[in-house]
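User: I should like to learn how features of a model are read from its atoms. Please take me through some examples.

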Amino acid sequence: MSIKGGKFAGKGETVASHYAFGPLEDDIIIKHRLLTRTTTTRGEPPLKKLQKKFTTFALEIEKEADNYNDCERLAKAFLQELNTFEIPLLKSKAVIDANVREKENFNDLKGEINQQIVQAQADIEDLKRQLKESKVERKHKEEAEAIRKLIAMQPPRSETQKVITELEKEIAMLEAENTASSRTLDLRKKQFALLLHVVDELQNTIEEEQSLVEEVRNVVDDHNKSGVGGSTVGPEAMAVD
C-alpha cells in the first residue's frame, strides 16, 4: 500500500508529496491482497501457490503410472500448503471476531455514553433552573432584608400612633380656628358693609345740609340787599352745628 503524504510548511516553503497510486487504486490493491493473502506486491501469492500445489497433485493422480509415492508426497505438500494458507485465515477470523466483539462493546459503550450525555444535559438544565430560582430567591431575600432594615430604622408603632394622634388634635384645633376665623371674617365683612352704608348715608346727609346752608345764605344775602326787616340777621345766627 502506498504512503499518503500531505503538505508541510517549513521556512516559508510548501512541499507536496506525490501519491504512488490514486485512492481508488489503493483500495483495489488492499482488497486484492486481503483476498489473496498477499502481504507485499512482490512474490507469488499464497492462493496461487496453493492452486499450483493442488493442480500438480491432481495431474499426478490422473497419471496411470505407478506413482503412489509421488502422489503421497504431493498430497502432503498440498496439505502442508493448505495448512499454511489456513493458519492466516484462522488468525484473520479470530481478528474479525475480536473486532466484532470490540465493535459490539464500542456500541454498548457508545449507548452508555449517549445516555450519560443525555443525563448530563438534563442535569445541566436542572442546575440552570435551580440557579435561576436561587438567584430569584436571593434577590427576594435581599429585598426583604432591605425592607426589614428600613422598618427597623422607623420609630415604634406606639410612638407613631402617638404622633398621629397629636397631629389629628392639631388638625382639629386648626380646623376650629379656621372656622372661627371664617365666622369672624364674615362678621367683619358685614360690619364693614354696614359701616360703608352708614358712611354713605352720612355723606348724603352732610351734602343735603350743606345745600340747605347755601340756600339759607342765599336768602339772607338777598334780604340784606333788599333792606327788608327791622333787624339784620347775619349768617352766624343761621349757622348749623
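User: Which side chain meets that of Glu 133 in a salt bridge?

Analyst: This is a predicted model. The partner of Glu 133 is Arg 129, with an N to O distance of 3.0 Å.

User: How should the spacing of these two residues along the chain be read, and why does it matter?

Analyst: An α-helix has 3.6 residues a turn, so residues three or four places apart point the same way. Here Glu 133 and Arg 129 are four residues apart in helix H3, and therefore about one helical turn separates them. Arg 129 is partly exposed, at 41% relative accessible area, and Glu 133 is partly exposed as well, at 43%. Through salt bridges with shared partners, Asp 126, Arg 129 and Glu 133 belong to one network.

User: How many salt bridges does the whole structure contain?

Analyst: The search finds seven. Among them is the bridge between Lys 76 and Glu 72, at 3.7 Å from N to O. Both residues lie in helix H3, four residues apart. Lys 76 is exposed, because its relative accessible area of 53% is over 50%, whereas Glu 72, at 33%, is partly exposed. Asp 97 and Lys 93 form another bridge, with their closest N and O atoms 3.2 Å apart; they too are four residues apart in H3.

User: How is the length of helix H3 checked against its number of residues?

Analyst: The span is estimated at 1.5 Å a residue. For the 86 residues of H3 this gives 128 Å, and the end C-alpha atoms are 123 Å apart, which agrees.

User: Which residues of H3 are buried, and what do they pack against?

Analyst: Burial is judged by a relative accessible area under 20%. In H3 the buried residues are Cys 71, Leu 74, Ala 75, Phe 78, Glu 81 and Phe 85, and they pack against H2. Across the 241 residues of the protein, 7% count as buried.

User: Why is the pair of rings formed by Phe 54 and Phe 78 called tilted?

Analyst: Tilted pairs are those with planes neither under 30 degrees nor over 60 degrees apart. The count comes to one aromatic pair. Its rings, those of Phe 54 and Phe 78, have centres 5.3 Å apart and planes at 50°, so the pair is tilted. Phe 54 lies in helix H2 and Phe 78 in helix H3, 24 residues apart, so that the pair links distant parts of the chain. Phe 78 is buried, at 14% relative accessible area, whereas Phe 54 is partly exposed, at 45%.

Terms used:
Residues numbered from 1 in each chain as written. Predicted model: local features only at pLDDT ≥ 70, side-chain atom pairs only at ≥ 80, totals over all residues. Heavy atoms only, no water. Phe/Tyr/Trp six-rings, centres within 6.5 Å; stacked < 30°, edge-to-face > 60°. Buried < 20%, exposed > 50% of the residue type's maximum accessible area, 1.4 Å probe, protein only. Expected span 1.5 Å × (residues − 1). Contact = heavy atoms within 4.5 Å. Salt bridge = Lys/Arg side-chain N within 4 Å of Asp/Glu carboxyl O.
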